[in-house]
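Please open the structure in a viewer and keep the selection tool at hand. The stops below are arranged so that each selection leads to the next.

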Amino acid sequence: MRRPRLPSARAAGAGAAGAVALGLGLVLALGVLPLPSVRFDGIQDLPLPGGADLGDRPYTVTAEIADVLSLVPQAAVKVNDVAVGRVSAIELDPGTWSARVTLQINGKVRLPADTGARVEQSSLLGEKYVQLVAPARRDAGARLDDGSVIPLARTSRNTEVEEVFGALSLLLNGGGVNQLKTITRELEAALGGREPQVRSLLKRVDTLVTTLDAHRGDITRALDGLNRLSTTLAGRKKDVGTIVTELSPGLKTLEKQRGSLITMLRALDTLSGVAVSTVEASKQDMVADLKALAPTLTALADAGADLPASLQVLLTYPFTDEVMKGIKGDYLNTYLHLAATPGTEVIPPLVPRAEPTPTPTPSPSSPLPLPALTPNEPNEPNDGGEHR
């Protein structure tokens, strides 16, 4: 008689799981438990095994990368090859056409504010990840925190294997390897025997480049001045056009008078030749005249102040200032003639003697004495006239 075989543990577990699933389905179908809303955008939403531990309070940082290549969400974020976070999202920035990569980093990891990001590859055919690179000189104050952005200037990527193979293929298949021999042969033919000239050329080129580098400030200022001049001319384009248009009649007039201008220039050339020959011919005579004039000029210089003093005679003729200084008195060549009335007796002046004599007293009927005449004046007749 056979005993009934008991079910195995695997079969029993499968049966229990089926019963639990069936019961859960009935509960959800009857509406006893609410159905949670589950969103599934793709396989990239599934967490990868062995990923970085984000901790209880991770913070989010956005990195702007020009080319993310094969980088995918859930990829690792590393610092010094140690996983500290993961990529949560990759979006396209329509303004710059670069990728905006959202990074979730463990809250215990503190990085400087000027940290850079670089897309690297774990091996030749390995996965891509984001490497956060701290600068050599770190700022002790500012730190990356939640919402920080790593700009495009601080992000980069490594060279792809496909790019290396493509460059190698271009070099080996139809590249310039076969032409290296030709290039070497032509260079040897061009430079063979001309080493001193080439060395001198290189030295002069080095001097030229050094001089240009030393005067780059002047060159920059000259270019800036040329730029300002071009801007000014562009702003006065209408005025320049007007000037050029109005200059045409003047040019036509000059063209018509071209023969006269040429004749005038030839005459000026002839005149200059005559003037030069005249000066050369009279050079000796002019030098002799100047030498002969030298004694006269020397004598005039020796006269000094005497010459201006002598010229005063011409300006004050006939009585010069010097003559006036030699005459004492208030009158010059003036004669005074006094005429008494008829019947007046003129008494000559008394000459004082040794013994004084009494002076006679005039009677009341006697006339008053007249003033005495000067001894130098003659006694003129009493005719009541004027003598000159």
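The tour of this predicted model begins with paired strands, then turns to salt bridges, loops, helices and a surface patch.

**Stop 1: the strands around strand 5**

Select strand 5, residues 116-121, together with strand 6, residues 128-133; the two run antiparallel and are joined by six bridges. They form a hairpin, with six residues between them. To check the register, display G116, which stands opposite V133 in strand 6.

Now add strand 8, residues 155-157, which pairs with strand 5 in the parallel sense over three bridges. Strand 5 thus offers two pairings to inspect, antiparallel with strand 6 and parallel with strand 8. In the parallel pairing, R118 stands opposite S156 of strand 8.

Keep R118 selected and show its side chain alongside that of E120: the two meet in a salt bridge, with N and O 2.4 Å apart. How exposed is each partner? R118 is partly exposed, with a relative accessible area of 26%, whereas E120 is buried at 10%.

**Stop 2: further salt bridges**

Over the whole structure, a search finds seven salt bridges. Select R100 and E64 next; their closest N and O atoms are 3.3 Å apart, and the two residues form a salt bridge. This pair links distant parts of the chain, since R100 belongs to strand 4 (residues 98-105) and E64 to strand 1 (residues 59-65), 36 residues apart. R100 has 27% relative accessibility and counts as partly exposed; E64, at 17%, counts as buried.

Move to helix 5 and select R221 and D218, whose side chains meet in a salt bridge at 2.1 Å from N to O. Because R221 and D218 are three residues apart in helix 5, about one helical turn separates them. The relative accessible area of R221 is 53%, so this residue is exposed; D218, with 37%, is partly exposed. For a network, select D67, R157 and E163, which are joined by salt bridges that share partners.

**Stop 3: positive phi in two loops**

Most residues other than glycine have a negative phi. Against that background, select N80, which is not a glycine yet has a positive phi of about 55°. N80 sits in the loop between strand 2 (76-79) and strand 3 (82-93). With a relative accessible area of 64%, N80 is exposed.

Follow the chain to W97, in the loop between strand 3 and strand 4. W97 is again a residue other than glycine with a positive phi, near 55°. Its relative accessible area is 65%, so W97 is exposed.

**Stop 4: helix 3 and helix 8**

Select helix 3, residues 180-191. At 1.5 Å a residue, its 12 residues should span 16 Å, and the end C-alpha atoms are indeed 16 Å apart. Just after helix 3 comes G193, with a positive phi of about 80°.

Then select helix 8, residues 283-303, and place a distance label between its end C-alpha atoms. What span should its 21 residues have at 1.5 Å a residue? The expected value is 30 Å, and the end C-alpha atoms are 31 Å apart, which agrees. Within helix 8, centre the view on A294, where a kink of about 30° lies shortly before the proline P295. Colouring helix 8 by accessibility shows how it is placed: the number of buried residues among its 21 is zero, so helix 8 lies largely in the open. Just after helix 8, G304 takes a positive phi of about 65°.

**Stop 5: a nonpolar surface patch**

For the final stop, show the surface and select L208, L212, I219, L223, L226, L229, L233, V240 and V244. Together these residues make a nonpolar surface patch of about 800 Å². Which helices supply at least two residues each? They are helix 4 (195-214), helix 5 (216-235) and helix 6 (237-256). Helix 5 gives the most, with five residues.

One of the patch residues is L229, which lies in helix 5. The relative accessibility of L229 is 45%, so it counts as partly exposed. Helix 5 can be kept on display to view this patch together with the salt bridge between R221 and D218.

Conventions:
Residues numbered from 1 in each chain as written. Predicted model: local features only at pLDDT ≥ 70, side-chain atom pairs only at ≥ 80, totals over all residues. Heavy atoms only, no water. Patch = residues over 30% accessible without salt bridge, like charges linked within 9 Å, V, L, I, M, F, W, Y side chains within 5 Å. Areas by Shrake-Rupley, 256 points an atom, 1.4 Å probe, with all protein chains shown as cover. Salt bridge = Lys/Arg side-chain N within 4 Å of Asp/Glu carboxyl O. Helix = DSSP H or I, 4+ residues; strand = E, 2+ residues; numbered from the N terminus. Buried < 20%, exposed > 50% of the residue type's maximum accessible area, 1.4 Å probe, protein only. Expected span 1.5 Å × (residues − 1). Bend = angle between axes of the 7 residues up to and from the residue. Pairing = 2+ DSSP bridges.
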